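Let's take a walk through this one together, stopping at a few places along the chain. Have the view ready to rotate, and follow along as we go.

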Amino acid sequence: MLRRERRSGLWLTLVPLYIFTLLLVVGPLIYMVVLSFQTRAEVWGVVNQFTLDNYKNILQPAYLSTFVQSLKLALVSTLCIVAVGYPFGYYMAKLSQKWKKRMLLLLMLPFWTSSLIRLYGWIIIFRSNGTLDKLLMGLGLTKEPLKLLYTYPAVVVGMVYILLPFMIFAVYSSAEKLDWSLIEAARDLGATPLQAFFTVTLKLTLPGLLSGVILTFIPSMGLFFIADILGGNKVVLVGTLIQEQLMKTHNWPFAAALSVVLMVLMMLMIALYRRISHAETLEGMQ
């Protein structure tokens, strides 16, 4: 009787989760895949006619260059985020409990404000004769205002600013569990600080680093609003292209095909992450 009651109680808790997943996750994904194989209507909507033209159009040079540019921006942004976020998260894990709480609070504060408002703050900084120009000219580093707004570096800075906390949190959660005595043992055995880092620290914090890469690389391909605000029309991402197909040209099947391809790329990244994590786990067990 107790087992039956436990099973019935378990099912009562799982059924809402399954319904939520089917209606709001699986259902929209299936609809998007089906829509990507349909034909665009001449005026509005779609025609229930199977076609592969939506995927063939992605192979056009203009759309392929958009994917390449998105991958390039995601790679550059992720490398910058790793360069800043990994040391930050690693050394934050070495702080005292008092300062850990303070740093976590400071990292969470930006999430209490809309990301759009924070990005518009960067416009004030990057615009001609803005805060950065006045600072550089005041220090004598530049003689005239720089054209930083609506440039590729401005978009990279925006991506790094928005996604950096995710890398820091991922590395911090991994480094906090690190057994520091292993690093001391490596140093006692004659390893240099650099050797101890690559042989012990990096391997033990690699799951957090890979999680941070996934949390930053994948979104940076679709955060089109950052490219729109800080890059103007000069930087076009896949997310921007999908938005244009939905809102301007109303080519919903092609937008769905672009979304499916982007989703497949993300799934490949996650599969690669799981494979590397599994290999590192097996190596650690051996």
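Helix α3 runs through residues 61-92, which gives it 32 residues. From its first C-alpha to its last it reaches 45 Å, close to the 46 Å you'd expect at 1.5 Å a residue. There is a bend along the way, though: α3 turns by about 30° at Val82. Keep in mind as you look around that this is a predicted model.

Now go back toward the start of the chain and find helix α1, residues 2-36. Ser36 belongs to this helix, and it's buried, with a relative accessible area of 0%. Who are its neighbours? Leaving aside residues up to four places away in sequence, Ser36 touches Thr51, Asn54, Tyr55, Pro253, Ala256, Ala257 and Val260. Tyr55 deserves a second look, as its side chain makes a polar contact with the side chain of Ser36 at 2.7 Å.

Next up, salt bridges. How many does a search of the whole structure find? The count is 1. The partners are Lys100 and Glu176, and their closest N and O atoms sit 3.8 Å apart. Lys100 is in helix α4 (residues 97-108), while Glu176 is in the loop between α7 (152-175) and α8 (180-188), so the pair ties together parts that are 76 residues apart in sequence. Are these two residues buried or exposed? Lys100 counts as buried because its relative accessible area is 7%, under the 20% cut-off. Glu176, on the other hand, is partly exposed, at 37%.

Finally, let's look at some backbone angles. As a rule, most residues other than glycine have a negative phi. With that in mind, try Asn129: it isn't a glycine, yet its phi is positive, at about 60°. You'll find Asn129 in the loop between α5 (115-126) and α6 (131-138), where it is partly exposed with a relative accessible area of 42%.

His250 is another residue other than glycine with a positive phi, this one near 55°. Where does His250 lie? Look in the loop between α11 (238-247) and α12 (252-285). His250 is partly exposed too, and its relative accessible area is 26%. While you're in this part of the chain, you can also pick out some of the contacts of Ser36 from earlier, including Pro253, Ala256 and Val260.

Notes: Residues numbered from 1 in each chain as written. Predicted model: local features only at pLDDT ≥ 70, side-chain atom pairs only at ≥ 80, totals over all residues. Heavy atoms only, no water. Salt bridge = Lys/Arg side-chain N within 4 Å of Asp/Glu carboxyl O. Helix = DSSP H or I, 4+ residues; strand = E, 2+ residues; numbered from the N terminus. Buried < 20%, exposed > 50% of the residue type's maximum accessible area, 1.4 Å probe, protein only. Polar contact = N/O pair within 3.5 Å; in protein donor to acceptor, adjacent residues only side chain to side chain. Contact = heavy atoms within 4.5 Å. Expected span 1.5 Å × (residues − 1). Bend = angle between axes of the 7 residues up to and from the residue.
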